[in-house]
Amino acid sequence: MGSGKCCRWCFFVLCLLLYLGGRTSAELRYSIPEEVKEGTVVGNVAKDLGLDKSSLVDRQFRVVSGSKEAFFHVRPESGALEVRRKIDREALCGGSGACVMELKILVENPLEMHHVVVEITDVNDHSPIFSDKEQVIEIAEHSSPGTRFQLHAASDPDAGINSVRTYTLTSNEHFDLDISQNDEEKIPMLVLKKYLDREQNKKLLLFVTAVDGGKPQRSDTLNVTIIVLDINDNRPLFSQDTYSVEIKENTPVGTNIIRINATDPDEGINGEIQYSLDKTINKVYDLFELNMLSGIIKLKGALDFEDLETYKLDILASDNGHPPLTGRCRVIIKIKDVNDNPPEIEVTSLSNKVSEDSKPGTVISLISVTDKDSGVNGKIISRITNDVPFELKPSYKENIYSVVTKGYLDREEVSDYKITITSTDCGEPPLSTSKTLDIQVSDVNDNRPHFQQNPFFFYLSENNVAGHSVFSVTATDSDVDDNAVISYHIMRAEKDTDVTTFLNINSENGQISALKSFDFETLKSFQFQVVATDGGSPPLSSNVTVKVFILDQNDNAPVILYPVSSNGSAEGVEEIPRNMKAGDLVTKVRAYDADIGYNGWLLFSLQQVTAHSLFTLDRYTGQIRTLRSFTETDEAEHGLLILVKDNGNVSLSATATVTVKLVEPKEAFAASDVKRAAAKVEEEDHNVTFYLIITLGSVSLLFVISIIVLIAMQCSKSTEYTSKYLQDANYDGTLCHSIQYRSGDKRYMLVGPRMSIGSTIVPGSHANTLVLPDRRHTSSGEVRQTFISCHV
């Protein structure tokens, strides 16, 4: 305390002296580090102040600044300021501020006081020191990033750069180190940069190092232990975010499909897990069932690939924490297709009718084929399976086809088609579907009316009733509707007789009516043409030749040509010699019938005779012959009544009377001369009748010739149609015509007065029609005609 007062007093005196004396002093500044050795020269004060070194001793050059001067002293002989003892800055000054020592250098004679400031600079002679080497911090794992936790601060007595300069933290993913400046102290702060996870790390060990700024640096380490406190901060975690499984669509109900698994690293109830289906997906409850504890998904309902190919199930896993946390995963169930759907054929466009004149390639229908299956099971092959003139043409798009014609159509051959389209998939086993299209072929007028035969032959009995239908012609047309409506008309002849004057045809049905009654003896045959025209546009027509033959009826009675008396009666006298022998010709009765065939076939019979034992009459020829020789007892005159009748259904007849006189041979010769003269006269009287017969024969001959020509023309067309002449060498009778023809398995013949042996009359037929034994087989409807000319 005394020394302090002394110093203050000296300082006051010095200031006073300076003030009073007007003398000035300089201030020197030196700097030395702490901990330097004793005797270390701080600086040469005398030199720096410009003092004479030689006078320093005399002038008592010395340090006069109190106790602090104990650290320094001056050498008078050299004027150097030296360290007297070791200086510890931290002990002298402490803190981090500048450590300055102010020295007063005093010289006398004259009195001078100089100020010397010595700054003690710090050296890094101390390390940072943590008061506790370990620090334990408990942090809840739900703490948010950015949360700060204060660490122990290190202390370092060094100042400035040599004090605690910074803190470092061992590398980790959860914490950063921040330094907070509090006055002159730096406080390290542990900053949470990432959520802690107790389930990953229950305890973290960190090292915080305090480092000063000296060279070399000094440091100290703090062991920081982080204890992570558990909370329900972990959601249940599935082993996979997405589970994928593939099952067939025909998998049986009740099959376990997949097992899912979730884990929760929390402890206790926080780690207990229950599974559930996301309730937003309603349909899955009908198909799938989830065990809430085991996580097994079981098939509950029937699957259908065509309904849905993939099911996405969102599965929830919840723990029992408060509040509970939930994890989520997705289960993708892919349904594998099986071939359980046959192809489906859809007719998108169909023309039910196609014209028969359509060109090949005409489109009649468009179809599309689909299969709900996929892959190979949905690959479809389509074709037309039946034999029809149609084909499938694929379009630019798969399974789209057009049904087109592949050939020309003919409605008259096939009027409608059933097109069977079969589509087969490529599954195993393959499934097929067929569809039938009903196509009608519409008609065009491409067929003319057709007559079954040409020419037509009709046989018409004479004496028909005028105005009645006598026969009909019919044509057919393979077309339909208006194209097949046929109208008929008779073609007018440019030459010969125009039959339209005595025939009329019904234009609708082809019925032909006679406008007059025909007479065989006047008109035996004629022909004309009928034209059949359809109703198409343009119309088509055909014609047919109709040949009509008038059939004779028994409308003419026999006419006796001989004998004929002078008065025109059928009476005559024949004188024959008595010496005639048996079988000699007495006379011959000649007769004529204008009818032909059976109707003109005459039979002779004796109705009355005086002596049946003398004469006989040939039934067919009308010859009267003797049965025996005459005797003397026979009468000289005999009368014979001869009946001549035809063979019509209702026979017509005539009688002739012949008187036979027996005379001696000489008289017989004379009588014969007279008779020849009379016959000559009779012949002259009957010239007219003879000419009539000649005319009739000529007409008949022309008729026969025309029939022969027609038959020859018909034979040239068909080998089954033949004709020839048949002649009976034994015939000797009336003028007649005979016609043979065949129908079915029977052969018919219109005959004259003689019949072939073995022929029989057909019951119910015309009286002049015979059935002949068949000697060859012919086809049904074959006509065989034979014309026989019989001459008187």
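Author: Accessible areas come from the Shrake-Rupley method with a 1.4 Å probe; for residues, only the protein chains shown count as cover. This is a predicted model: local features need pLDDT of at least 70, side-chain atom pairs count only at pLDDT 80 or more, and totals for chains, interfaces and linings use all residues. Residues are numbered from 1 along each chain as its sequence is written, and side-chain values use heavy atoms, without hydrogens and water.

Reader: What area does the protein chain expose?

Author: Carbon and sulfur atoms supply 51% of the exposed area. The protein chain exposes about 42,500 Å².

Reader: What share of the 792 residues is buried?

Author: Buried means under 20% relative accessible area, exposed over 50%, and partly exposed in between (1.4 Å probe, protein chains only). Of the 792 residues in the protein chain, the buried share is 42%.

Reader: How many strands does the protein chain have?

Author: Helices (H or I, at least four residues) and strands (E, at least two) are DSSP runs, numbered from the N terminus. The protein chain has six helices. Its strands number 55.

Reader: Which side chains of strand S29 point to the buried face?

Author: In a regular strand the side chains alternate between the two faces of the sheet. Strand S29 covers residues 380-384. Ile381 and Arg383 point to one face and are not buried. On the other face, the buried side chains are Ile380, Ser382 and Ile384.

Reader: Which residue of S32 is the bridge partner of isoleucine 381?

Author: Strands pair if DSSP finds at least two bridges between them. S29 and strand S32 (residues 416-425) run antiparallel, joined by five bridges. In S32, the bridge partner of isoleucine 381 is threonine 424.

Reader: Is arginine 411 buried or exposed?

Author: Arginine 411 has a relative accessibility of 9%. That value is under 20%, so arginine 411 counts as buried.

Reader: Which residue, 32 residues from arginine 411, meets its side chain in a salt bridge?

Author: A salt bridge is a side-chain nitrogen of Lys or Arg within 4 Å of a carboxyl oxygen of Asp or Glu. For this pair, the N to O distance is 3.1 Å. Arginine 411 sits in the loop between strand S31 (400-405) and S32, and its partner in the loop between strand S33 (432-442) and strand S34 (450-451). That partner is aspartate 443.

Reader: Which other residue forms a salt bridge with arginine 411?

Author: The closest N and O atoms are 3.2 Å apart. This second partner is partly exposed, because its relative accessibility is 22%. It is glutamate 412.
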